[in-house]
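Here is a short briefing on one protein structure. Look at the sequence and the model, then read the points below.

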Amino acid sequence: CCISGFAWDAEPQGKENKLGSIDAYITDTPENKDIAIMIIADIFGWTFNNTRVLADHFAKDVGATVFVPDLFVLLFFHRLHLRMLTPYFTASYDGEVVPEETLTDPEKRKGFDIAAWAARNSKENRGPTIFEAARALKQDLGFKKVGAVGYCYGGWAVFQLGAK
C-alpha cells in the first residue's frame with residue numbers, strides 16, 4: 001500500500017451524509033443527477049483530505065454525484081483495543097484509518113504494521129459494507145449509472161464490484 005506521499009492543500013466542497021446506513025462524504029454538481037461514482041478509499045479512509053478533494057474534482061469534471069463511504073467502521077472493542085495499544089491509528093467513532101501524518105512522517109511509517117491492518121480490513125470483513133454502499137446507490141437513491149474507483153486498498157473492491 002501507498003503509505004508515503006503528500007497532502008493536497010485544498011478545501012473539500014462536499015458534505016457528510018449517509019449512503020444507506022453508512023456515513024459518507026458526498027459531493028455533486030447540479031448538471032446530472034443520474035450518474036454516481038463511489039470512491040473506495042485507500043488506507044487513509046473517507047476523511048482523508050486528498051480523497052475528498054479528488055471526489056470534488058470527479059464531480060465537477062464528470063458531472064456526477066460522488067460518494068466516499070466510511071468503509072472502515074470499527075466495533076467498539078476494536079476501537080478501544082487500538083487506542084490502548086498503538087499511537088499509529090486514528091481509531092474513533094468514524095472507523096479505523098491511518099493518520100495523514102503517516103504520509104510524511106518516517107517514524108509513523110516505520111511503526112505501521114500493514115499486515116495487521118490488512119488482516120483487520122480483509123475482503124471478508126469489509127466486503128459486505130462495500131456491497132451495501134453500492135446497492136444503496138441504485139436501489140435506494142435510484143442512480144441510473146453507477147461507477148466505482150478504488151486506489152491501493154480500494155482496488156480489490158472495485159474488481160469485486162465489477163465481477164458482481
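Helix α1 spans residues 49-63 and has 15 residues. From its first C-alpha to its last, α1 reaches 21 Å, close to the 21 Å expected at 1.5 Å a residue. Keep in mind that this is a predicted model.

**Helix α1 and its cover**

- Of the 15 residues of α1, 11 are buried, so the helix is largely enclosed by the rest of the structure.
- The buried set begins with N49, N50, T51, R52, V53, L54, A55 and D56. It also takes in F58, A59 and G63.
- Strands β1 (15-19), β2, β3, β4 (65-69) and β7 (145-150) are among the elements that cover these buried residues.

**The largest nonpolar core**

- The largest nonpolar core has 29 residues. Within it, L19, M38 and I130 have the most contacts.
- Four elements give two or more residues each to this core: β2 (22-27), β3 (35-40), α5 (123-140) and α6 (154-163).
- Helix α5 supplies the largest share, six residues.
- L19 is in contact with A24, M38, F67 and P69, leaving aside its neighbours within four places in sequence. On the same basis, its contacts also include A133, A136, L137 and L141.

**A second core**

- A separate core of 12 residues includes Y25, I39, A55 and A59.
- Two of these names, A55 and A59, also appear among the buried residues of α1.

**L161 in helix α6**

- L161 lies in helix α6.
- Is L161 buried or exposed? Its relative accessible area is 18%, and buried means under 20%, so L161 is buried.
- L161 touches M38, I40, I130, F131, A134 and A148, not counting residues up to four places away in sequence.
- L161 and G147 are 14 residues apart along the chain. Their C-alpha atoms are separated by 9.4 Å.

**D70, a buried charge**

- D70 sits in the loop between β4 and α2 (76-85).
- D70 is buried yet has no salt bridge.
- Which side chain of opposite charge is nearest to D70, and how far away is it? It is R126, 7.3 Å away. A salt bridge needs a side-chain nitrogen of Lys or Arg within 4 Å of a carboxyl oxygen of Asp or Glu.
- The side chain of D70 does have a polar partner: a polar contact of 3.5 Å joins it to the side chain of W46.

How values were computed. Residues numbered from 1 in each chain as written. Predicted model: local features only at pLDDT ≥ 70, side-chain atom pairs only at ≥ 80, totals over all residues. Heavy atoms only, no water. Core = buried A, V, L, I, M, F, W, Y, C linked by side-chain atoms within 4.5 Å. Buried < 20%, exposed > 50% of the residue type's maximum accessible area, 1.4 Å probe, protein only. Contact = heavy atoms within 4.5 Å. Expected span 1.5 Å × (residues − 1). Lys, Arg positive; Asp, Glu negative; His and termini not counted. Polar contact = N/O pair within 3.5 Å; in protein donor to acceptor, adjacent residues only side chain to side chain.
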